[in-house]
Amino acid sequence: MITLTSQDELKAAKDALEQLKQDHPTIFNKFVHVINLTRALQFKYQYLGSLLMDEPTNDGSPAFVKPSVIQLYKQEVSQVKEDPDAEKVKQIFTNFRSAGYAKLSLLALGTSPESLSGGSVIR
């Protein structure tokens with residue numbers, strides 16, 4: 001799914017993630033951990049977001065991955081969901097839904113909002 005997001009919205013999302021990092025470092029670190037695991041396993045951020053938000057995972061489900069690996073991944077995601085502050089992450093995902101799970105995940109990893117907005121120009 002292609003999403004067009006304004007730079008202002010991405011900056012607001014980045015600010016919300018920075019606030020989460022300051023106010024609730026434990027849940028933020030757990031969230032970043034599963035983002036890094038998602039990258040390492042080459043799963044889609046949509047899959048991570050769907051699992052965190054209790055949505056159907058049909059579109060982002062990893063293909064040709066052993067069930068034991070998927071089960072391990074889901075256990076790691078459930079550690080985020082079971083945290084007392086998990087609602088803080090879900091609230092950010094809800095508030096900035098139009099940005100998409102991928103952009104929100106990249107912002108949490110430290111990617112600048114400017115690099116995620118607009119189209120790319122190849123010269």
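This passage describes the fold, the nonpolar core, one helix pair and one lysine residue of a predicted model.

The chain contains seven helices and zero strands. Read from the N terminus, the order of elements is therefore written α-α-α-α-α-α-α, with helices and strands taken as DSSP runs. The chain has 123 residues, and 40% of them count as buried. Among contacts with a sequence separation of 6 or more, 73% are made by residues 24 or more positions apart. The accessible surface of the chain is about 7500 Å². Carbon and sulfur atoms account for 51% of this surface.

The interior was examined next. In soluble globular proteins, nonpolar side chains tend to be buried together. In this model, the largest nonpolar core comprises 31 residues. Phe-31 and Phe-93 have the most contacts inside this core. Two or more core residues come from each of helix H1 (7–23), helix H2 (25–40), helix H3 (45–52), helix H4 (67–81), helix H5 (86–95) and helix H6 (101–108). The greatest contribution is that of H2, which supplies six residues. For Phe-93, the contacts beyond its neighbours within four places in sequence are with Phe-31, Gly-49, Leu-52, Met-53, Tyr-101 and Leu-104. The two residues with the most contacts inside the core, Phe-31 and Phe-93, are thus also in contact with each other.

The packing of one helix pair was then considered. Two packed helices are described by the angle between their axes and the distance between the axes. For H1 and H5, the angle is about 175 degrees and the axes lie 10 Å apart. Because angles over 145 degrees count as roughly antiparallel, H1 is roughly antiparallel to H5. On the H1 side, the contact is formed by Ala-16, Leu-17 and Leu-20. On the H5 side, Lys-88, Val-89 and Ile-92 take part. Five of the residues in this contact are nonpolar, one is charged and none is polar.

A final residue, Lys-74, belongs to helix H4. Its relative accessibility is 38%, a value between the 20% and 50% limits, so Lys-74 counts as partly exposed. Apart from its neighbours within four places in sequence, Lys-74 is in contact with Tyr-47 and Leu-51. Lys-74 and Leu-51 are separated by 23 residues in sequence, and their C-alpha atoms are 7.8 Å apart in space.

How values were computed:
Residues are numbered from 1 along each chain as its sequence is written. This is a predicted model: local features need pLDDT of at least 70, side-chain atom pairs count only at pLDDT 80 or more; totals for chains, interfaces and linings use all residues. Side-chain values use heavy atoms; hydrogens and water are left out. Helices (H or I, at least four residues) and strands (E, at least two) are DSSP runs, numbered from the N terminus. Buried means under 20% relative accessible area, exposed over 50%, partly exposed in between (1.4 Å probe, protein chains only). Contact means heavy atoms within 4.5 Å. Accessible areas come from the Shrake-Rupley method with a 1.4 Å probe; for residues, only the protein chains shown count as cover. A nonpolar core is a set of buried Ala, Val, Leu, Ile, Met, Phe, Trp, Tyr and Cys residues joined through side-chain atoms within 4.5 Å. Axes are lines fitted to C-alpha atoms, for helices over the stretch in contact, and angles run from 0 to 180 degrees between N-to-C directions. Angles under 35 degrees count as roughly parallel, over 145 as roughly antiparallel, 65 to 115 as roughly perpendicular and the rest as oblique. Ala, Val, Leu, Ile, Met, Phe, Trp, Tyr, Cys and Pro count as nonpolar, Asp, Glu, Lys and Arg as charged, and the others, Gly among them, as polar.
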